[in-house]
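Subject: Structure handover

Hello,

Here is the structure I said I would pass on. My notes follow below it.

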Amino acid sequence: MKKIAVLVSGGGTNLQALIDAQNNGILKSGKICCVISSSKKAYALTRAQNAGIPAEAVSRRDYTSSVQFDEALLGVLERYGADIIVLAGFLCILGESVIKSYPNRIINIHPSLIPSFCGDGFYGLRVHEEALKKGVKVTGATVHFVNEITDGGAIIMQKAVNVQNGDTPEILQRRVMEQAEWEILPKSCELVCAGRVSVTDGVTVIE
Ligand code: GRF
């Protein structure tokens, strides 16, 4: 059973999807050992407490440098013995020391079909605003491994979602969450925990 640390910054609906998956058996090869939030006010912390999962905040503001922030983060991850890290709406960029400590053991959910609408600055509503501006008819979500390149690691799972007439960024964001993110994040997490995902030349193979 792998120990999963979930890193969050906001509402935590993806965290909730992982908690639900743990309860209904979709996530069975791993167990959430802790939730770490970059914000003390994140509702995700309340979700963790409600589920009886240890939760703490590690706020970037409390540290003078990103190196110290990374050290603090690593300290908490090690204290809980985390094997796998899931970034579920975590808004801080992870430093090299964290990424190097967990090779192919950190996964992120991004609300578009990578390589569209991703990279530096593409987070939150902006992703959906740009998709609508471009007029794409299909968007979606991607779960991928985290490496030093923003949204650049090997892709684990993707799911497409249709854009509809009259969509606003908010409506599209919600549909992508409901139809794609909450489904593929727990499924990907299970595959990684079960050791069914390997990476060769930057590409995953799923057994
Ligand atoms: C999601 O859209 C996710 O794709 C992105 O951040 C958002 C987090 O939402 N990385 P929530 O906190 O899980 O509700």
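Which residue just after α1 takes a positive phi? That residue is G25, with a phi of about 90°. Please keep in mind that this is a predicted model.

The helix before G25 is α1, which covers residues 13–24, 12 residues in total. From first C-alpha to last, α1 reaches 16 Å, close to the 16 Å expected at 1.5 Å a residue. Its buried residues are N14, L15, A17, L18, I19 and A21. The cover over these buried residues of α1 includes the strands β1 (2–8), β2 (30–37), β4 (84–87) and β5 (106–110), as well as the helices α2 (43–50) and α6 (169–193).

Next, the pockets. The largest pocket has a volume of about 880 Å³. Its lining has 37 residues, and the closest to the pocket centre are G89, F90, L91, N108 and Y123. Two or more lining residues come from each of α1, β5, β6 (138–145) and α6. By class, the lining of the largest pocket has 16 nonpolar, 17 polar and four charged residues.

The second largest pocket has a volume of about 190 Å³. S38, S39, K40, K41, S59, R60, R61 and C92 line this second pocket. Four of its lining residues are charged, three are polar and one is nonpolar.

One last position is A194, in the loop between α6 and β8 (197–200). A194 has a relative accessible area of 36%, so it counts as partly exposed. The C-alpha atoms of A194 and K28 are separated by 8.4 Å, though the two residues are 166 residues apart along the chain.

Regards

Notes: Residues are numbered from 1 along each chain as its sequence is written. This is a predicted model: local features need pLDDT of at least 70, side-chain atom pairs count only at pLDDT 80 or more; totals for chains, interfaces and linings use all residues. Side-chain values use heavy atoms; hydrogens and water are left out. Helices (H or I, at least four residues) and strands (E, at least two) are DSSP runs, numbered from the N terminus. The expected span of a helix is 1.5 Å times one less than its number of residues. Buried means under 20% relative accessible area, exposed over 50%, partly exposed in between (1.4 Å probe, protein chains only). Contact means heavy atoms within 4.5 Å. On a 1 Å grid over the protein atoms alone, a cavity is a set of points where a 1.4 Å probe fits but cannot get out, and a pocket is an open set with protein on both sides within 12 Å along at least five of seven lines; lining residues have an atom within 4 Å of a point. Grid points are joined across faces, edges and corners, and a volume is the space filled by probe spheres set on the points. Ala, Val, Leu, Ile, Met, Phe, Trp, Tyr, Cys and Pro count as nonpolar, Asp, Glu, Lys and Arg as charged, and the others, Gly among them, as polar.
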